Amino acid sequence: AYDDDDGQRFPKRDRRNEKVIKVLCPYYSAGAVIGKGGEAIKEIKNETGANIQVSKNEVRFPNTDERVISISGDLESMQRVVAFVQEKIRTDKIPPHVKNINTSENDARKATCKMVVPDTSVGKIIGKSGSNIKRLQEEFNVKI
């Protein structure tokens, strides 16, 4: 086991088979996720025990202006962190130094959760003739 900065103990995990969720975040919202001096991300890490890594500012997902946030831990912790990231994206204001952002596109982006899915997993997620996607859309009233 190891101690975090607040003395809370989390079991040391064998990360070899650990599941990872990768969420995309607009580069200009990453600061809100991280927080001043790293406080926001440190707090959610301490609350959940999840491992969270944000790509460096100059490292973007290919052909986008999005940074990658990698989240690992148990399922509940990962769900809480994804909700935290999405809330930060939804409520973040575009910083004054960021130019050339289309506000209607930004509003649409705030309503979207973008996840990175490996090529090898896409077929399983879609399902035969799109059956899994259709079921998820109907069950949760979402667009995929």
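The exercises below, each with a worked solution, concern two pockets and one arginine in a predicted model.

**Exercise 1.** Describe the largest pocket by its volume, by the residues closest to its centre and by the elements that line it.

*Solution.* Begin with the volume, which is about 920 Å³ for the largest pocket. Next, look at the 22 residues that line this pocket, among which Met115, Val117, Ile125, Leu136 and Ile144 are the closest to its centre. Then turn to the elements: β3 (20-26), β6 (115-116), α5 (119-126) and α6 (131-140) each give two or more residues to the lining, and the largest share, five residues, comes from α6. Finally, sort the lining by class, which gives 15 nonpolar, three polar and four charged residues.

**Exercise 2.** Describe the second largest pocket by the classes of its lining residues.

*Solution.* The second largest pocket holds about 240 Å³ of space, and of its 13 lining residues Tyr28, Glu66, Ile101, Glu105 and Arg109 lie nearest the centre. Sorting the lining by class gives four nonpolar, four polar and five charged residues, while helix α4 (residues 103-110) supplies the largest share, three residues.

**Exercise 3.** Decide whether arginine 60 is buried, partly exposed or exposed, and find the partners of its side chain.

*Solution.* First locate arginine 60, which sits in the loop between β4 (51-54) and β5 (66-72). Its relative accessibility is 27%, and because partly exposed covers the range between under 20% (buried) and over 50% (exposed), arginine 60 counts as partly exposed. Lastly, follow the side chain of arginine 60, which reaches the backbone oxygen of asparagine 57 at 2.8 Å and makes a polar contact with the side chain of aspartate 65 at 3.3 Å.

Conventions
Residues are numbered from 1 along each chain as its sequence is written. This is a predicted model: local features need pLDDT of at least 70, side-chain atom pairs count only at pLDDT 80 or more; totals for chains, interfaces and linings use all residues. Side-chain values use heavy atoms; hydrogens and water are left out. On a 1 Å grid over the protein atoms alone, a cavity is a set of points where a 1.4 Å probe fits but cannot get out, and a pocket is an open set with protein on both sides within 12 Å along at least five of seven lines; lining residues have an atom within 4 Å of a point. Grid points are joined across faces, edges and corners, and a volume is the space filled by probe spheres set on the points. Helices (H or I, at least four residues) and strands (E, at least two) are DSSP runs, numbered from the N terminus. Ala, Val, Leu, Ile, Met, Phe, Trp, Tyr, Cys and Pro count as nonpolar, Asp, Glu, Lys and Arg as charged, and the others, Gly among them, as polar. Buried means under 20% relative accessible area, exposed over 50%, partly exposed in between (1.4 Å probe, protein chains only). A polar contact is a pair of N or O atoms within 3.5 Å; within protein, one must be able to donate a hydrogen and the other to accept it, and residues adjacent in sequence count only if both atoms are side-chain atoms.
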